[in-house]
Amino acid sequence: MFKRFKILFVFASIAFMAMAQEGCPESLDSIVSLLELKEVIVSAKKIRQSGDTISYSAATYRGKNDKTLEDLLRKMPGIEVKPDGQITYNGQWINEFYIEGLDMLGGNYGVATRNIDANDIGSVQVLQNHQDVKLLQGVKSGNAPAMNIKLKQNALGIWSSTFQAAIGTQTNISWDASATLMNFLRKAQNISVYKTNDIGNDLRQDIGAPKTFNSSYGTGMLFPDSPNLNDIYTYRNNSHSLSVNQLFKLNEDKTLAFNLNYLFDKEKREATEQTTYLADSISRFVVDESNRAGMRQQFIGAHAVYKLNGKERYIKNAFTASASFPRGDGYINDLIRQRFSGHSFNIDDVLKINYKKKQGGIGEATLHVGYIDKYGILRLADRGMDQIIRQRNLNAGGAASIIAFAVPHFMFNLNGGFDAQWQQAKTELDLAENLTAGNQRTWQAGTNITPKFFLHYGQRFQWLIYVPVGFEYYTSTDGEWEYDKMFFSFKPYTNITFKPSERLSFSLTSTCEESTPAALSLMVQKRYIDYRTSISNPNHLEAQINRTVKTALSASYQSVLDMLFGGMTLTHAYSRNSLSNGYDVTDDIIEYIRLPYATSGNIWQGDQTFSKGFFKWNSKISESFTIGTSQNEFYVDDAMYRGRSNYLRAKISFNASFARWIAFETSNEFSLSKTFTDGISNGSAKHTFANATSFVIWPCKQLSLTPSVMYYYNDYSTSYRNNTFLNCNIEYSLGNAILSLKCSNLLDSRIFRRYNDNGIIQYSSQYSLRGRTIMLGIRFNIK
Amino acid sequence: MKKTLLALASIMMLSCVDISAQVTITYAMDTPTFTLAHEDTDKAQTLDSSYLTITYRFRYKASEKDDSLSHDDLMDLQLGRKYNAFFSRNLRDLDIQNTKELKTTMQFQTVPENYVGFDLLVNHGDSTNIVTNRIPYTSQVIEYTENTPTPVWTYVLEDTATVMGYHCHAAKCNYGGREWKVYYTNDIPLPYGPWKLNGVKALVLKAEDSEHNFVFEAEGLTQKPQHIIRYDWNRKTMDKEDWKRFEREMYQNAGAFVRNTGARIIIMDNSEQGFHRLNEDWSQYYNPLEK
């Protein structure tokens, strides 16, 4: 425990100083007896900076109730952990995640942050502007930070395991269990995790399994949208997952990593929904539905990464293969039964090479090959409808340096590249024994030249521009409808980073992207996206390029020793779709058709973040503020409408340990949104407020109580404006084990209202929540 | 690539005439570096009791190009009526912890390379300093005695700073081949400071050399009495000049020195065996406080 005090008493006398210099005992006694100094206790360094590396000392942040690395990260100033487990540092997403300098998990670092024991962490390092490629280190900084976890000495070189099991009651029996096995050696690492639960812990995120299905399969069930609420209240699941992650360090420069993941997941959702479609300037089409649906999936994924990161050459090859088998069943208004089944296979390989060239430049080459096969069938037995959609996509692309040279402060590369894509979409619609089918195949091949300019002055300034320019040849066949065309491709990118000092940095990024529509979206044949929505291209509109321009200007400030971090970002995104979708309502079916009109969208958003840590109470305060406007154009029955949504979000959170026996955490978020259609307001602004507050109390060394409350308020409607969730966890340490009693949603809150409006389509729902859950459990570690 | 020190303790019990156990320690590391050996803290002599203890954060270079002074340690200056002591607080705490652990779990933590291996004992009675230097990889220590240095200070009254909440004035001197600038506080009229920087009219709270190789900065202060102690270690005495020569040789011929200590050092690599013995051509970065 470290505190800082101010001086109480000051004493100075020339006579005494002179006598002190002579070293006379009597004068020394006089001086010493008059000294009344306030004690200053050395504060342990919670955070240090060495060059670009910020190190957080885990011991100074760890609290008694912190179980995993994620619990620690939440307390560190400048670091934020989002609800889905993604981590940001001073507003930037963590780009790479290492454990003891090795990248075993790729982007799925939730496996580590949610399973590594907090007591095993020595320090958390943030590598700002991290450059993974050794060839480019000292020359070109990365644009995003990386995180490296340093473990304690006694956590290295041994197999450690954690077991946890809990059983309880909701409406039915509920359970939550996990087993984790880990080993971190100098030349190998392993994290293996088995988890199962039906109390709302989402296992999909950690292993990269999909959470939604409809849009990617082209057809599917109408599944209620889940509200933006903690999963323990909304995610009614039955899940099992197994994740095995292994890394081998072959030598100083080479590593090989494998990840194998399996998931079985069942989810139920129930909601009463109302969707309001703009029909024309004065009327609306309103759909009221009760929706009960269940979806289950089996997912298998494998990932292998080989990396050679030497001083002469960098090679990284990432291979991914996955298969997913979703099934769904549900009722709309208790009358219309919808059933969905499908499968998806995905194989993907990305190879990236950097190498030194004789002229001093650094050459680069990339190659990407991927294949996706998806099949989905939607059955509506009551309507006698079957909708089958099959999609295949084979794509390849590559680039290599033709010219690469470097002089002090400047690098130039001229790269040549190619891309090729074959797509097929087959549809069969059996509607009241009337069978129609479609088969669209597209071929796209292109070539480009990319000049890259890189200007740099040490770590202070760098400016990267590259301008891929080329041509794309596109051909499409759909029955007897065939056409081909050439597109001009232009996708410039620029990034400027300027660091006038160690504390301040500025960045400007602008990128232009382009895309062609997927084969399925241009299919003439009508297909059903869900039981009441269809889409078709009856006018035989040909593919055209869609473009997006995104620009972000940001400034960030950090004072590491003061534990102060802050930043501001202004973002603009402009998108232009050359073809639009307009809808019309016929026989209660929302029919979208492709229209030959272009539409555009604009988003302006300003973000501000602030985070400060304090020695007092080992506390942290974070604040963020967002303001923005989103504008889009829509077509309804051949008439264009402009929808606009203005929004504002403010969030403030604070955590502290006031004394050894009590800790406190609170988070508060306020949002405001107002929508307009063609400049006319759609009613008053909508407000929401969310608060989550918890205490941790230790009446004695072995016992802890964690009462918490989550409060949500919205003014979407006159009813169900407030939701209060009361939770309480009690833990008792018995030797190596921890016994726990976990109670969530003690007030048994069952309904949550949500609302969404983009100025054209409004959506509101009354969502059914998981009720009260009480679990009794045990957790222990073995090392 | 960051240096990592792996301590692999292999304990071999050897029989001895006096039945006390000998322990051989193997050091395994990625790159060679000096590591201090553990010293027993069970036997000690209490010389005095402090009336004031100041804790300085001592920052210094890890290598020639290390401008950010990435090595740092906490140094305690204990002021007593008969003796002053100046030593690494982190190292002492670790020695005490390791002494305890070795008796129970037979395991210990290696000394991090940034912990400072010298300590000073100032005897006010005869105005002498005893400087004790711990030698890497061996429990033997070498000490020399000198008359308490009396640097000649030039006061720069217009140069002021606030250190640890105290208003301070500056003074300069040339000592040990380096130009030192210190900040002292008239609120504590005691003529002492970190290391050998004594004789200023009041307590020195911050000291830095002109080439920015070393910084001492006060971060803690207590008037709670503490024992000023001297441990019963295996001490060898030498002249100061002999020590300086010895130390220079030790750093410049680090590989040969380590071989002579009998310590077993292996450098981890990716050969079939996984390691190789230390190369005798190795030399360690040498930048002493006193040139």
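What follows is a walk through the predicted model of chains A and B, from overall make-up down to single residues.

Chain A comes first. Its secondary structure adds up to 8 helices and 43 strands. With a radius of gyration of 30 Å, close to the 28 Å that the globule rule gives for 783 residues, chain A is as compact as a globular protein of that length. Laid along its principal axes, the C-alpha trace of chain A spans about 110 × 70 × 55 Å. Of the 783 residues in chain A, 47% are buried. Among contacts in chain A with a separation of 6 or more, 63% join residues 24 or more positions apart.

As for the outside of chain A, the accessible surface is about 36000 Å², and carbon and sulfur atoms hold 57% of that. Chain A carries 83 positive and 72 negative side chains, and the centres of these two sets sit 7 Å apart.

Chain B has 291 residues, and 51% of them are buried. Its secondary structure consists of 3 helices and 17 strands. Within chain B, residues 24 or more positions apart supply 61% of the contacts with a separation of 6 or more. The accessible surface here comes to about 13800 Å², with 48% of it belonging to carbon and sulfur atoms.

Back in chain A, the domain assignment gives domain 1 (1-42), domain 2 (47-156) and domain 3, the last of these written in two pieces as 560-578 + 598-783. Domain 2 and domain 3 of chain A touch each other, with 22 residues from domain 2 and 22 residues from domain 3 taking part in the contact. Taken over C-alpha atoms, the centres of domain 2 and domain 3 of chain A are 24 Å apart.

Several strand residues of chain A show what the surroundings look like up close. Ala257(A) belongs to strand 13, which covers residues 254-278. Its relative accessibility is 5%, so Ala257(A) counts as buried. Setting aside neighbours within four places in sequence, Ala257(A) is in contact with Asp103(A) and Met104(A), with Gln246(A) and Leu247(A), and with the run His303(A), Ala304(A) and Val305(A). Asn245(A) is 12 residues away from Ala257(A) along the chain, and their C-alpha atoms are separated by 7.5 Å.

Ala323(A) is found in strand 15 of chain A. This residue has a relative accessibility of 12%, and therefore Ala323(A) also counts as buried. Not counting residues up to four places away in sequence, Ala323(A) touches Gln298(A), Phe299(A) and Ile300(A), together with Ser344(A) and Phe345(A). The C-alpha atoms of Ala323(A) and Tyr262(A) are separated by 9.7 Å, with their positions 61 residues apart along the chain.

Further along, Ser536(A) sits in strand 27, made up of residues 533-536. Ser536(A) has 10% relative accessibility, under the 20% cut-off, so it counts as buried. Beyond its neighbours within four places in sequence, Ser536(A) is in contact with Met523(A), Val524(A), Gln525(A) and Lys526(A), and also with Tyr592(A), Ile593(A) and Arg594(A).

Lys620(A) is a charged residue in strand 33 (residues 619-636) of chain A. Its relative accessible area is 3%, so Lys620(A) is buried. Lys620(A) and Gly361(A) are 259 residues apart in sequence, and in space they are 45 Å apart, C-alpha to C-alpha.

Two loop residues have backbone angles worth a look. Asn333(A) is not a glycine, yet its phi is positive, at about 55°. The loop that holds Asn333(A) runs between strand 15 (313-332) and strand 16 (336-356) of chain A. With 33% relative accessibility, Asn333(A) counts as partly exposed.

In chain B, His212(B) is a residue other than glycine with a positive phi, near 55°. His212(B) is placed in the loop between strand 12 (203-209) and strand 13 (214-222) of chain B. Its relative accessibility of 31% means that His212(B) counts as partly exposed.

Definitions and conventions: Residues numbered from 1 in each chain as written. Chains lettered and ligands numbered in written order. Predicted model: local features only at pLDDT ≥ 70, side-chain atom pairs only at ≥ 80, totals over all residues. Heavy atoms only, no water. Helix = DSSP H or I, 4+ residues; strand = E, 2+ residues; numbered from the N terminus. Rg over C-alpha atoms; globule rule 2.2 N^0.38 Å. Buried < 20%, exposed > 50% of the residue type's maximum accessible area, 1.4 Å probe, protein only. Contact = heavy atoms within 4.5 Å. Areas by Shrake-Rupley, 256 points an atom, 1.4 Å probe, with all protein chains shown as cover. Charge placed at Lys NZ, Arg CZ, Asp CG, Glu CD. Domains from an automatic or database assignment.
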